[in-house]
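Thanks for sharing this one. Here are a few notes to read alongside the coordinates.

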Amino acid sequence: MKNITKSLVMIVAVAALAIGGTVAYFSDTEQSTGNTFTAGTIDLAVNGNNGGANQTIVTVPDIKPGENVAGTEVALNNVGSNDGIGDLHITAATSSEGADSEPECVAESKIWSGSTCTGTETKNENICAMMKLTYVYDANGNGVKDSAADGDTVGGFNPISGLGNIDLDVIPAQTNRKLWLGYVLDPSADNEYQGDVCTFTVDFTLKQLNYQG
């Protein structure tokens with residue numbers, strides 16, 4: 001009986017091996033080639049200038065204390081392939097004496113002699129520290145200034161302080177947005193600031209959305 005059982009087991013095992021060796025499946029393979037990843041672009045042009053020579057966008061020759069100079073229009077154009085967040089900030093500001101005048105000379109406790117001012121500066125005034133910048137932004141892209149009710153007008157900030165990024169809004173790819181910069185010389189600026197010059201640098205930046213830097 002045992003021999004019969006062993007024989008049956010052997011027969012089943014051999015049959016299983018035979019079946020396993022003859023089982024097949026239909027299949028087909030197709031190949032996809034030339035797959036690529038291409039990085040998008042973030043590219044900002046300011047007043048049509050994109051990587052060319054540095055340009056001067058602000059020249060205010062005769063500002064007076066308390067005077068609010070009308071905004072200088074700046075065109076920001078996202079010429080890249082991705083939407084981005086525009087921002088601006090002051091990266092450098094330098095104050096210089098500029099032209100002398102008799103009232104300034106006296107206010108600085110120096111000596112005025114006809115057309116020249118001599119003596120040692122005692123106050124070391126910095127007109128950049130007295131300048132305030134404001135801006136109005138065209139957030140909806142209709143080409144005109146947004147209303148103050150939209151929160152687009154920012155109170156003055158100090159060029160000399162080199163403030164961090166002032167986020168504007170999204171500038172969609174291949175789209176223009178306008179910005180108007182305004183300027184105010186602090187009403188408390190007295191005669192010692194006459195003729196002084198503030199030279200400053202504005203950086204305009206376009207950052208990808210969700211930028212974490």
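How many helices and strands make up the secondary structure of the protein?

1. Two helices and ten strands is the tally. Starting at the N terminus, the elements follow the order α-β-β-β-α-β-β-β-β-β-β-β. Please keep in mind that this is a predicted model.

2. Let's take the open sheet next. Its three strands are ordered S8-S3-S10, with antiparallel pairing. Strand S8 (166-171) and strand S10 (197-208) are the edge strands, each pairing on one side only. From one strand to the next, the twist averages 25 degrees.

3. A closer look at S3 may help you find your way. Strand S3 (residues 84-96) runs antiparallel to S8, and four bridges join the two. For a landmark, try Leu88, which stands opposite Ile166 in S8.

4. Strand S2 also deserves a look. Strand S2 (residues 68-78) pairs with strand S1 (residues 44-46) in the antiparallel sense over three bridges; here Leu44 has Asn78 of S2 as its bridge partner. S2 is also joined to strand S9 (residues 175-185), again antiparallel, by nine bridges. Within that pairing, Ala75 is matched with Lys178 in S9.

5. Now for the chain overall. Among contacts in the protein with a separation of 6 or more, 81% come from residues 24 or more positions apart.

6. Finally, burial and surface. The protein has 213 residues, of which 28% count as buried. The exposed area is about 13,400 Å², and carbon and sulfur atoms supply 53% of that area.

Note on methods:
Residues numbered from 1 in each chain as written. Predicted model: local features only at pLDDT ≥ 70, side-chain atom pairs only at ≥ 80, totals over all residues. Heavy atoms only, no water. Pairing = 2+ DSSP bridges. Axes fitted to C-alpha atoms, helices over the stretch in contact; angles between N-to-C directions. Buried < 20%, exposed > 50% of the residue type's maximum accessible area, 1.4 Å probe, protein only. Contact = heavy atoms within 4.5 Å. Areas by Shrake-Rupley, 256 points an atom, 1.4 Å probe, with all protein chains shown as cover.
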